Each structure stands twice: as structure tokens, then as C-alpha cells.
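Reader: I have a model to go through and would like to work from its helices and strands to its core. Please keep the answers short.

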Amino acid sequence: MKRCFEQRGAGVASCSTPSAVFLPCRLAKLQGRKRSSLKYIVSVAQLGQVQTELLTSTRQGTSAGQIGRLSRQGINRRPLDEEPALPLYTCLDGDILTPSNKFAYYEALRSGLKALRALGINGICVDVYWGIVEGVQPREYDWSSYKQLFALIRDEGFMAQVCLCFHATDTVPLPTWLVEEGRTNPDIFYTDRAGQRCSNYVSLGADEVPVLAGRTPLECYRDLMTSFRRELGPLLGSTILDVLVGLGPDGELKYPAHPRDKRWNFPGVGEFQCYDKYMLSVLRACAQQVNQPSWGLRGPHDAGTYCVWPHQTGFFHQRGNWGSPYGKFFLQWYSDMLVQHADAVLGIAREVLLGPETPYTNYGYQPPYQHVHDSESGKGRGSGRSSGSDGDEEDGGGGVVVTSQAAGGGVSLPSASLTPAIRLHARLPSIYWWYADAHAPELTAGYYNTASRDGYMPIMHVLARNGVSVRLRGGEPRGYEMNMQAYCAPDCQLTQQRTVAAALHVPVGLENLSERFDEAGLLRLERALFDASVYKGIELPQVQLLVFNRMCDSMFEPGNWNRFKQFVRRVRNRAETLVGSDRGSLNGTSGVFGTPPGPPGAVNLPTAAAAAAAAAAAAGQWVAEPSGSSGKGGALQLA
């Protein structure tokens with residue numbers, strides 16, 4: 001849907017520098033497809049000298065052909081490589097570009113960016129959709145509109161953060177040729193127990209199967225990232241400083257267990273998405289490995305449907321089958337498939353976007369079923385980049401093994417002083433309802449997180465290993481604002497995620513969960529940014545960046561705009577006063593980390609013992625854990 005941005009009423013927006021005052025701008029509003037001419041003046045008073053520029057007449061949009069010659073400074077002559085203490089980003093709407101790779105409202109976007117720059121926002125987040133760039137034919141990439149968009153962002157003095165989106169939305173579908181492949185072979189999409197498909201993302205079960213015009217999904221992701229680096233290389237490290245790698249539906253690492261259609265509504269538990277033939281084939285192989293072939297026929301039969309509550313099912317209720325040997329086996333397999341998918345895609349992103357010469361951390365994740373899949377396919381699922389096998393030893397971190405990167409056995413370790421030009425990020429979902437006992441919605445989404453087991457440690461290990469920071473959502477909602485019967489605890493889940501990230505030295509970025517501009521919500525979001533409390537013996541470091549989601553119509557309403565302006569001002573002031581030598585930096589010597597992560601076994605988390613029950617080994621057979629065993633978190637144990 002086409003959106004417009006309009007600022008009503010008067011008022012003065014505060015710039016990032018106290019000596020500069022930007023007069024209020026009347027933002028352009030589009031009427032159909034007509035482009036309104038912009039006539040507004042930005043008045044800048046600096047050091048007693050007033051300079052007035054009619055920006056729309058003197059500053060023309062930079063063309064895509066000029067993208068390699070852009071200055072390293074914005075219109076305010078502030079070097080972009082001098083980042084503020086807490087970078088503030090705002091996301092653009094996903095409908096900026098149409099599926100035909102054309103701008104929907106270029107001039108309105110330009111006026112909105114000028115208003116955000118006057119407010120003091122540092123950067124803009126842009127969703128780069130697979131369905132737009134490679135939408136017509138496989139291996140044919142069209143970056144023209146995105147080049148023009150990034151040129152506009154740079155011309156207005158912003159940093160840019162890119163989200164590589166391999167999913168579809170309501171406005172942007174997957175590539176046309178991929179959709180055609182899906183009509184021929186619908187099993188490339190996630191499938192629920194009733195056989196209904198989710199066509200927004202390719203099933204991770206097919207990651208290494210050549211189902212997309214002769215290529216595997218992992219090869220498609222690699223080819224798109226390679227084209228991105230080749231076409232937008234001049235901007236990497238100058239304008240584009242951060243790349244968020246999409247890992248699933250909505251760009252988040254999850255299964256589409258809670259689809260945004262009529263199948264599911266809040267606070268239903270959702271459904272397991274493991275019924276395409278590729279997922280079932282791996283499930284059968286793992287069940288054979290533990291000498292329980294009946295466990296590999298299908299998912300849990302008593303898990304209910306999308307909209308049921310946990311106590312209405314035999315699997316998710318307080319004493320349900322999620323705690324049985326079969327339940328532990330299935331949940332371990334289901335979550336490990338998701339973690340290994342993340343490891344494969346992030347490994348590709350690291351190799352393509354950062355290069356193999358970047359610093360590499362010294363431990364990696366190997367799911368318990370890894371050797372089963374390897375014996376069938378002859379290679380690991382993470383074929384996007386090589387992983388060393390020499391010198392592996394067991395570790396008590398929930399399937400984490402320490403790997404020495406010997407010559408010829410993985411990525412070599414160069415000098416730690418080498419810093420990559422860009423930073424990689426991954427987004428985790430906020431699934432906060434029924435946050436008790438089984439945590440049913442998290443289980444269906446792929447996170448084996450229960451009241452007695454930490455389900456976020458394995459993925460944080462993968463992020464730490466690949467030098468990727470985590471983007472978390474939430475901060476402003478509270479459980480008492482929601483359905484009280486559904487045990488909603490968004491703040492508790494965010495604290496749990498941040499605690500595990502802090503223990504493994506994974507930098508954290510925060511994104512608001514919903515578009516809200518009320519004072520209470522903004523104050524909570526501000527409080528979450530600077531929360532330095534201690535949880536389970538782990539001190540939470542300051543959040544590294546804030547992404548405000550997103551630039552929408554309601555943002556520019558007078559009341560909302562004034563509250564948002566005050567919020568930005570407070571956050572910037574607090575961040576500047578908290579800058580110190582003890583603060584972790586995104587520009588650390590290890591690529592992303594200010595402090596190299598320690599061994600997983602040394603993590604001071606009570607839940608680490610629960611994750612240790614699922615520790616993997618390079619060889620050996622897996623057997624079902626007997627009922628009543630003391631290992632609360634593990635589904636399988638070594639024989």
C-alpha cells in the first residue's frame with residue numbers, strides 16, 4: 001500500500017548539533033501517481049552564521065551511476081565513520097519499491113528523510129527483497145532501484161543498514177521463477193500437519209537439495225549475497241555499515257508456526273512446520289539412529305491446532321508429552337534443524353560479505369543429528385563455508401563443540417587487529433505468550449526453551465562463532481497490557497535473551513515490537529536501552545544500537561512527532577554520558593566483539609547444565625533418554 005508522510009502543525013525539530021536549528025518542513029503528500037513538487041527551506045544557524053539552502057532545487061538526487069563517487073560525508077559534513085555512542089536507525093516501509101522494482105513514492109520518501117535527519121536520526125534500515133532483485137529470472141539481478149535508494153540515503157547524510165530478505169510479504173512475493181518451482185514441487189515450502197503450505201519462505205529441509213532451477217537454496221542465498229557485494233561494493237564500509245541476514249519468515253530465525261492469516265490468532269500455540277517431505281526424511285533418519293523408527297513418521301499427534309491453548313492439548317499442558325522421551329527427541333531435532341540452518345546461512349554471509357580473512361572465533365555448533373545427515377548426503381548442511389573437524393572435543397554447551405581451526409581444517413585465524421568493513425546481524429523473534437512450563441509457542445517456532453531448559457544458548461553460540469550480533473525485539477510492551485490468561489511476559493523473555501547474549505559476548509541491538517508513540521511505551525523502550533541490571537549473575541551491557549520500526553504515517557502526526565523528538569533527544573543525551581572505556585564496542589578487534597568470547601563451558605548460567613544434556617560428539621550413537629532421567633533439557637544421550 002502506498003504511504004505518505006505529512007507533518008501537520010508547527011514546531012521546531014532539534015538537530016544532532018545544538019547550534020543547528022531546522023525549521024519545520026511540510027512533507028509532500030502524493031495524490032495517486034502524481035509527484036508533488038517540494039518547496040521547503042532548511043534554515044541552519046551555525047556559529048552565528050545563517051546559511052539557507054533550498055535543498056530540493058539545489059541538491060538533485062544522485063544517480064545510480066554516480067554511486068561509486070559519493071563523498072564520505074553527508075550534507076551536514078559529518079563523517080559517517082565517526083559513529084555516535086548509540087546509533088539510532090529508522091526502518092523504511094517495505095513498500096518503498098514495488099514488486100516491479102520501481103519507486104512507489106520517491107519524493108515523499110525524500111521529504112521524510114529530511115525530517116528524520118533534522119530530528120537527529122543517524123541511519124536508515126532498508127529491506128532488500130529477493131523477490132525484487134532476482135524476481136524475473138534465476139541469476140539475473142537488478143539492483144538499479146536499490147542503488148538509487150542508497151544514493152538518496154547517502155546524499156541526505158545517513159548511514160545505511162541492509163536487511164537481506166529471503167522471505168515474502170503481503171506486498172513483495174518471492175521470485176516469480178521460484179513460485180513456479182513451488183507449483184511443480186510444493187514440498188519446497190513449509191507444511192503443517194493438515195498439509196497447508198506456507199509460501200513465504202523456502203523450507204530449511206531443502207537447504208542442500210537442488211530444487212530451485214538446479215540450485216540449492218543455500219546456493220541461491222550465496223549468489224544473491226555475491227551479487228550484492230559486487231554491485232554495492234563501493235558503499236560497503238562507508239554508507240552501508242551493517243547487514244542483517246534474513247534467516248526465516250519476517251527476516252527472523254523461526255518456523256512460520258504463527259502465520260498471519262486466518263489459520264492462527266493470538267494467543268494460540270501455533271503448529272509444528274515439519275511435514276514437507278524433506279523435513280520428514282531427516283526426521284526418519286534421526287529416529288532410525290536412536291532405534292525408534294516410529295518417532296520419525298510424523299510430528300506430535302496431540303499438539304493441537306494453531307489457535308488452541310496449551311492446556312487443551314496432550315502435548316503442551318503442564319505434564320504433557322513434551323517432557324517424555326519422544327517429546328524431548330522431537331523438540332531437540334526440530335530446534336537443531338533451525339540452528340543448523342542459521343549456521344549455514346550466516347557462514348555463507350561471513351565468507352561472502354566479510355571474506356575468509358576476517359577474524360574467526362574458535363568454537364562452533366554441531367547438532368546431535370549432524371553425523372546422521374552427513375552419512376546420507378556426504379557433507380554437512382552448512383556447506384556455505386568449510387568447518388574444521390580436526391581437534392574437536394566434547395563440550396558442555398548444548399551441542400557445542402570446541403574446534404581448533406588447523407591448517408586445512410577450517411578457516412584460518414589471521415591477526416586479531418583486522419576489522420571487517422561491515423557488521424553482520426541476525427534477528428530473533430519475540431514469542432512471549434504462554435511463557436511458562438512448556439513455552440508452547442516458542443517450541444512450535446523452533447526454540448526448545450522451557451521452564452527448565454534454555455533454548456537460546458545454541459543459537460547464541462552460532463552467532464558468537466560467526467561474529468554476528470543479535471537483533472532482539474521488544475522493550476516497550478508489558479504483560480499486563482495483554483491477555484492476562486496467556487501468561488504474556490515480553491520483558492522476561494527479552495531479559496533471558498539478553499542474558500545469554502551477554503554471557504557469550506554477543507552484541508545486542510534492540511528493535512521496538514510495535515509502532516507506538518505513547519509516552520509510556522517510549523519510556524519503557526528507553527529504559528530497556530540502558531538497562532544494566534544483573535540477571536542470574538550476568539550483568540547486561542548497554543544495547544549497541546536502536547532500530548525504530550518504522551517510518552510510518554502515524555510518526556508524522558504532531559503529537560507523535562513531538563513525543564518521538566523528545567525520546568530521541570533523551571536517548572542521545574544518556575548515551576553520550578554513558579560512554580566509557582568499559583563499554584563493549586561493535587568495532588572490537590575480533591570483528592564484532594569488544595572482548596573475545598570465552599569457551600562455552602565457562603558460561604555462568606544455571607541453564608547451561610540443562611543444555612549440556614544435549615551435547616554432541618563427532619561420532620557415536622544416540623539413544624533416547626529414559627523417562628525420569630535427571631537430565632532435564634536433553635532429548636538424546638550418547639550411548
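**Helix contacts, barrel and core**

Author: This is a predicted model. The axes of helix α2 (residues 106–119) and helix α14 (residues 558–578) come within 10 Å of each other, crossing at roughly 45°.

Reader: Are α2 and α14 parallel, perpendicular or oblique to each other?

Author: Their axes cross at roughly 45°. Angles under 35 degrees would count as roughly parallel, and 65 to 115 as roughly perpendicular. The crossing falls in neither range, so α2 and α14 are oblique.

Reader: Which residues of α14 meet α2, and how many residues of the contact are charged?

Author: From α2, the contact takes in Ala 115, Leu 116 and Leu 119. On the α14 side are Trp 561, Phe 564, Lys 565 and Val 568. By class, the contact has 6 nonpolar residues, no polar ones, and a charged count of 1.

Reader: In which order do the strands of the closed barrel run?

Author: The barrel has 8 strands with parallel pairing. From one strand to the next, the twist averages 30°. The order is β5-β6-β7-β10-β13-β14-β15-β18.

Reader: What is the bridge partner of Leu 510 in β18?

Author: Strand β15 covers residues 508–511 and strand β18 covers residues 545–548. The two pair in the parallel sense over 3 bridges. In β18, the partner of Leu 510 is Leu 546.

Reader: What angle does the direction of helix α12 make with that of β14?

Author: Helix α12 (residues 490–503) packs on the sheet and touches both β14 (468–473) and β15. Over 145 degrees counts as roughly antiparallel. The direction of α12 makes an angle with that of β14 of about 170°.

Reader: Is helix α11 mostly covered or exposed, and which residue follows α11?

Author: Helix α11 spans residues 457–466 and is mostly covered, with 10 of its 10 residues buried. Among them are Met 457, His 461, Arg 465 and Asn 466. The residue after α11 has a positive phi, near 70°, and is Gly 467.

Reader: Which helix gives the largest share of the largest nonpolar core?

Author: That core has 158 residues, and Tyr 146, Phe 150 and Met 225 touch the most other members. The largest share is 18 residues, from helix α8 (residues 325–354).

Reader: How many residues are in the second, separate core?

Author: Cys 125, Met 159, Leu 241 and Leu 545 are included in it. This second core is separate, and its count is 7 residues.

Technical notes: Residues are numbered from 1 along each chain as its sequence is written. This is a predicted model: local features need pLDDT of at least 70, side-chain atom pairs count only at pLDDT 80 or more; totals for chains, interfaces and linings use all residues. Side-chain values use heavy atoms; hydrogens and water are left out. Two strands pair if DSSP finds at least two bridges between them. Helices (H or I, at least four residues) and strands (E, at least two) are DSSP runs, numbered from the N terminus. Axes are lines fitted to C-alpha atoms, for helices over the stretch in contact, and angles run from 0 to 180 degrees between N-to-C directions. Contact means heavy atoms within 4.5 Å. Buried means under 20% relative accessible area, exposed over 50%, partly exposed in between (1.4 Å probe, protein chains only). Ala, Val, Leu, Ile, Met, Phe, Trp, Tyr, Cys and Pro count as nonpolar, Asp, Glu, Lys and Arg as charged, and the others, Gly among them, as polar. A nonpolar core is a set of buried Ala, Val, Leu, Ile, Met, Phe, Trp, Tyr and Cys residues joined through side-chain atoms within 4.5 Å.
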